[in-house]
Amino acid sequence: FPQASMMFAQCTRKCGSSVLLITLLCCILPPPAQASKSSEDIRCKCICPPYRNISGHIYNKNVSQKDCNCLHVVEPMPVPGNDVEAYCLLCECKYEERSTTTIKVIIIIYLSVVGALLLYMAFLVLVDPLIRKPDAYTQPLHNEEENEDARSLAAAPTPSGARANTVLERVEGAQQRWKRQVQEQRKTVFDRHKMLS
Amino acid sequence: MVNAGDMNGSGNLMDFLDEPFPDVGTYEDFHTIDWLREKSRDTDRHRKITNKSKESIWEFIKSLLDAWSGWVVMLLIGLLAGTLAGVIDLAVDWMTDLKEGVCLSAFWYSHEQCCWTSNETTFDDRDKCPQWQKWSELLVNQSEGASAYILNYFLYIMWALCFAFLAVSLVRVFAPYACGSGIPEIKTILSGFIIRGYLGKWTLLIKTVTLVLVVSSGLSLGKEGPLVHVACCCGNFFSSLFSKYSKNEGKRREVLSAAAAAGVSVAFGAPIGGVLFSLEEVSYYFPLKTLWRSFFAALVAAFTLRSINPFGNSRLVLFYVEYHTPWYMAELFPFILLGVFGGLWGTLFIRCNIAWCRRRKTTRLGKYPVLEVIVITAITAVIAYPNPYTRRSTSELISELFNDCGALESSQLCDYINDPNMTRPVDDIPDRPAGPGVYTAMWQLALALVFKIVITIFTFGMKIPSGLFIPSMAVGAMAGRMVGIGVEQLAYHHHDWIIFRNWCRPGADCVTPGLYAMVGAAACLGGVTRMTVSLVVIMFELTGGLEYIVPLMAAAVTSKWVADAFGKEGIYEAHIHLNGYPFLDVKDEFTHRTLATDVMRPRRGEAPLSVLTQDSMTVEDVETLIKETDYNGFPVVVSKDSERLIGFAQRRELILAIKNARQRQDGVVSNSIVYFTEDPPELPPNSPHPLKLRRILNLSPFTVTDHTPMETVVDIFRKLGLRQCLVTRSGRLLGIITKKDVLRHMAQMANQDPESIMFN
């Protein structure tokens, strides 16, 4: 049934590339959702300025949000009982929370992505030209407005008949196509300054 | 269909590696879409689904899924945009601090995170803790002194250069479309232009990664514009998963409008502002359905970012302030002055930046993009390090400038002379005279202001992702804070002047310099981008203070008036003109009294119009016509004598149809007659099989008469999104007006260079 298989093939073509991205998404989203609050991750921070002859001080304590005020956090209280209210009016208390797991996961994922890109860039710039040299298949890109339409009218049929069979050859083909696209983009932006100047 | 024969039904997972076949309905790169056709295709599709849904339960469920797919796409866009924004914020936080030191207990903590649990922080040295050490402490075990300073300085510059070089190399090798702000190109794409690869997956990845690198390197740029591009890439990616959006370019642009709103929403923590920004600045057509969906996407994105919690205090943006001190009517005068400053700065920035970008485009400067980035980074790092206000990241600078000075602030800006007997609570401190720290801060801020004004002109437009919201806000905040401190000191020392006597008694808290910084930031941002409503909404969503709407509006309106007096274009429209994109702006007014006959092609003395006839041309004639000209379409007339118009045929579809016919249909040779009528024409016997091409003919092309005023023609092009329009007189075809002709004509009328419109 050609229609169904065509639809399935089109779907898998799109789904294949999106599976990767959705996997990445699933790797990133659960860690913040499941991050259990360790004792390091919440605090109530009270900053009290200098008062009479007492110097300024910062108090940290691991309390919940409703207990985050001067009376619960400032220990030991540096002023006698009748001055506590005046002292506490000057203090400013803030409840803060963070997720250390999220930070660790995100930074490490980011560094690994940058590392992978660096390696691939080194491969493309240094190793790839050495591999390709004996092949002598360097397609000089037609620069200006070649009449592609005339070519397509009169010329040979598209290479759809001889479809590469093995996965490796298909990956090769996809990579070559991608490199051509990037080269076109580079020409448009960097050389001809036609866009994004 | 065209590609039916090539699908052998093997359907592997690896099919996505193969090259996609060009469809009859798709468009070529750097062409404009046909809005009317996309709309009618969508209506057809919807009608087909509705009709089929009555057949069975499964079809009904499919129709429900189709209706809900729009909301699913919005949800996915919001999730991914929020996640990426959270990743960017956390990574920038860490890498910015990496230039100055490193956390020894866990290297992935930034300075603030490292000292979070420490007990050694004192009131005077709130930032110091033993776990986080500067590079000089780590390498040579000294933290003060000249050698430590020089080592820190040197390492700061080295890190900045390293990040910038890495960023520009990644852009150059993997995704050259990832440079720049992205908003001018997205505006053009949303108006119907096709730029293949601009919203692709590699562009998304590289833009995200390099945005972190360039913001951390200390360059004078922001991440808001690139975040809009990132969100639109997410929108493009998710819309390609559903055939409702992937096959219809018009519907896809609705999704992209909503994605742009989500991008601004996560950049500023302002969902409503994001929707208004998308409506005002970025989108071309914005139907009401898109409004509701954009709001949904913006909310989901903001909620996702909040759950990742990058700033540790459940706030979405680093500079969220929450004071509620009132402002006074007499303060409108300095606010309006700040508006004038914003307008003037906007004009100066746009003119200088466009001149510099034009120089980059046309002279040898453009041949060394990597070297340019490295030189600008070096200059920025060398000048920025000594001044404490430019050494830290621009977002932190804006946060400090927006904040009011309580009793607890320890920065130099808050070094006022305190009354030792004062026992007022934290948020009601009266105006005090400035201490020496404030005077130092003032001249440091002045130097920083001049530096930022100059360096941003050279930074925006380089071949790295760069936004300009944050630098504009920084310039405005610095100017505003200086004006605010000036007014505050004036009110304190001269509280018996008439102006101050009514509203500012000694011992009261009259002037809030932080508010002046906010108003200045809004004024400068408005002067550069010419945003109106969206700017005010973003600013008051940033601050949470509805009582400050009037000063913000006063400054925004003033800056827009002043800036419009010097030039009508904002920075994004100016970049669109510089690049020659075929963007027909809805904001331009066409007030000249030319007629359609003045603009149409062919002009007098030019070759006559290339037309196809309805049934008297052969396949070979058509192919020759296509080969010799490069027009995008051809009108079809009854015959060469009576030039009555039948319809319009697109070039691409002619090529594909003829190629198909030659390959598949029997008997079609070069001498076959091509006919566009319903029935084949009378042919002599033994003539080859004729080719019917009626299905590719557009039978309802738009026509105007030759005496239609150009004002109306421009309006038609804008409102309907046309690509070309035929000119007739008494039913006979006279000529054609294309969008490029309209743009060239408008450029000519505005005394600009009509040849700068480059794309077709």
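Which residue in strand 5 of chain B does Thr613(B) stand opposite? Select Thr613(B) and look across: the residue facing it in strand 5 of chain B is Val637(B). Keep in mind as you click around that this is a predicted model.

**Stop one: the four-stranded sheet in chain B**

Now widen the selection. In chain B there is an open sheet of four strands, ordered 3-5-6-9, and its pairing is mixed. Colour residues 612-613 and 697-698 of chain B: these are strand 3 and strand 9, the edge strands, and each pairs on one side only. Next add residues 633-637 of chain B, which make up strand 5. Strand 3 and strand 5 of chain B run parallel, joined by two bridges.

With those strands still showing, bring in residues 651-664 of chain B. This is helix 26, and it packs on the sheet. Helix 26 of chain B touches strand 3, strand 5 and strand 6 (645-650) of chain B. Turn the view until you can compare directions: helix 26 makes about 75° with strand 6 of chain B.

**Stop two: the three-stranded sheet in chain B**

Stay in chain B and find another open sheet, this one with three strands in the order 4-7-8 and mixed pairing. Pick out strand 4 (617-618) and strand 8 (691-692) of chain B at the edges. Each has a single partner strand, so one side of each has no neighbour in the sheet.

Then select residues 673-675 of chain B, which is strand 7. Strand 4 and strand 7 of chain B are antiparallel, paired over two bridges. For a residue-level view, show Met617(B) and Val674(B): the two stand opposite each other, with Val674(B) in strand 7 of chain B.

**Stop three: strand 1 of chain A**

Switch to chain A and select residues 42-48, which form strand 1. It's mostly covered, with six of its seven residues buried. What pairs with it? Strand 3 (residues 92-97) of chain A does, antiparallel and through six bridges. Ile42(A), for instance, stands opposite Glu97(A) in strand 3 of chain A. Strand 2 of chain A also pairs with strand 1 of chain A in the antiparallel sense, over five bridges. There, look for Lys45(A) opposite Asn60(A).

**Last stop: Ser64(A)**

Follow chain A on from strand 2 (57-61) into the loop that leads to helix 3 (70-73), and you'll find Ser64(A). Buried or exposed? Ser64(A) is partly exposed, at 35% relative accessibility. To finish, draw a distance from the C-alpha atom of Ser64(A) to that of Ile103(A): they are 22 Å apart, with the residues 39 apart along the chain.

Methods
Residues are numbered from 1 along each chain as its sequence is written. Chains are lettered from A and ligands numbered from 1 in the order in which they are written. This is a predicted model: local features need pLDDT of at least 70, side-chain atom pairs count only at pLDDT 80 or more; totals for chains, interfaces and linings use all residues. Side-chain values use heavy atoms; hydrogens and water are left out. Two strands pair if DSSP finds at least two bridges between them. Contact means heavy atoms within 4.5 Å. Axes are lines fitted to C-alpha atoms, for helices over the stretch in contact, and angles run from 0 to 180 degrees between N-to-C directions. Buried means under 20% relative accessible area, exposed over 50%, partly exposed in between (1.4 Å probe, protein chains only).
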